[in-house]
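Biologist: Could you walk me through this one? I'd like to start with the sheet and then move on to the helices.

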Amino acid sequence: MTSSDLVPATSAPVVRRRARAEADVRLPGGGRITASAARRLRDSVPRNSRSARDSRWTAYETWCDTYGWDTAEPNAVLCFLDDLADRGHPATTLDAHFGTLRMLRAMRRTPLDKVEIKSCLAIISQRRGEEADDPLVEPGPQQADGVDLNELRLMVRKLDRTTVRGKRDAAVLLLDWWMAGRASEPARLNLHDVRFTEVKLTDPATGTETVRPALIVKIRRSKADQQARGQEVRILAPDDQELCPLFALREWLDVLAADGQLTPGPLLRRIDRHGNIGAKAAGRHTKDEKRRGGITADTVNDIVKTAARAAELTPAPTPEERAAEALAAREAKEAAEQAATAEESNAIMKAWRTTRRAARAAIRRITGHSMRRGCIQAMLDAGAPPEVVAVHSRHSPRSAAFDAYRKKKVSWQENPTLGLTLAA
């Protein structure tokens, strides 16, 4: 007997193949991933961003089909951006499409080369200059106007704060403004994301200590925090109860308690026309089962717009005005479709967009973003250091977006022309 006879022979392990309930997903650029991985990749991008990307890629595909290009063809993106400019789209729209298409082309393993990237940027730059030289429209993106504290007061006063809906809407408006919120941020708050507290403040002049009520808001995820690290927003209670987010929030929490809904879940909840709250409310609920009964960013936007119209800060378009705008759009698109050449079609669409843009720029525009803009501008105007305001608003100090909120204007009191005099 040899030593090898004492060692039992090892057999190959049995490999059991496990079937998946869902088939793997084939990637456009080749290869495959599991359906679960595909879902996680999709959900890693916010729903609004996904919708915007899908819309831009669809527009690109449609253009390619119309003019005989392949979506992976060199210079297709460049010519598509040029066509957008010819149809009167602003440079910001071209820039957004370029960013999306550049990313998606890379993901499909047909990336843009360096020359095409530089050419696309040149097209966008030229369109920006073209807008600046256009006497018919104001250049730059059409941004929402900021709501200042006086306007916020007018909006809040139009609410019936003796009703369930009025208390909810007051909490939405005031919390959104004081936290300099994006519309999605207050909408996604949970009941345990807000905490009332008291803080001691010292008067630098006298050294006297005072105790002030305060609110700590935990934002678990936002546009600027896709990694969901979480950020805190701290709000000191203002002396004016009418504009105090703490008072409004306590009133809303009392409503939830009286209805037996002071339970884990969304902080701000739906209300139907019968006064039913949260999951008990009739109508279409959010697609996220975990947030069933909660409001959405669209709800916040609607509350802000409705309150602004009620306070007469923005005009409410009449049915006749809405019909006229729809008719003008329909006629322009029909004429563009019947045009003999692409150039004629683009010229028709550009003229329509220019007219519509000028009409919209002539009136005040208040949306859900107006609360964020108004709060940031009010803090800067009050002399708060920009870097401190940027922390409160969850911006990077070097953020180009934050820089756009700042009013780059010299005050009249400090105006350099003040000291200049001319001889009589």
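**Sheet and helix packing**

Modeller: Bear in mind that this is a predicted model. There is an open sheet of three strands, arranged in the order β3-β4-β5 and paired in the antiparallel sense.

Biologist: Which strands stand at the edges?

Modeller: Those are β3 (194-202) and β5 (231-236), and each has a single partner strand, so one side of each is left without a neighbour in the sheet.

Biologist: And by how much are neighbouring strands turned against each other?

Modeller: On average the turn between neighbouring strands of this sheet is 35°, with direction ignored.

Biologist: How many bridges are there between β4 and β5?

Modeller: Strand β4, which covers residues 209-219, pairs with β5 in the antiparallel sense over six bridges; A214, for instance, has L236 in β5 as its bridge partner.

Biologist: Which helix lies across those strands?

Modeller: That is helix α9 (residues 245-258), which lies across β3, β4 and β5 and runs at about 155° to β3.

Biologist: Switching topic, at what angle do α4 and α5 pack?

Modeller: Helix α4 (residues 91-107) packs against helix α5 (residues 114-133) at an angle of about 165°, with the axes 9 Å apart, which means that α4 is roughly antiparallel to α5. Their crossing is left-handed.

Biologist: Which residues make the contact?

Modeller: On the α4 side they are A91, L94, D95, F98 and R102, while α5 contributes I117, C120, L121, I123, I124, R127, R128 and E131.

Biologist: What does that contact look like by class?

Modeller: The contact of α4 with α5 has eight nonpolar and five charged residues, and no polar ones.

Conventions
Residues numbered from 1 in each chain as written. Predicted model: local features only at pLDDT ≥ 70, side-chain atom pairs only at ≥ 80, totals over all residues. Heavy atoms only, no water. Axes fitted to C-alpha atoms, helices over the stretch in contact; angles between N-to-C directions. Helix = DSSP H or I, 4+ residues; strand = E, 2+ residues; numbered from the N terminus. Parallel < 35°, antiparallel > 145°, perpendicular 65-115°, else oblique. Left-handed = near helix turned anticlockwise from the far one by under 90°. Contact = heavy atoms within 4.5 Å. Nonpolar A, V, L, I, M, F, W, Y, C, P; charged D, E, K, R; others polar. Pairing = 2+ DSSP bridges.
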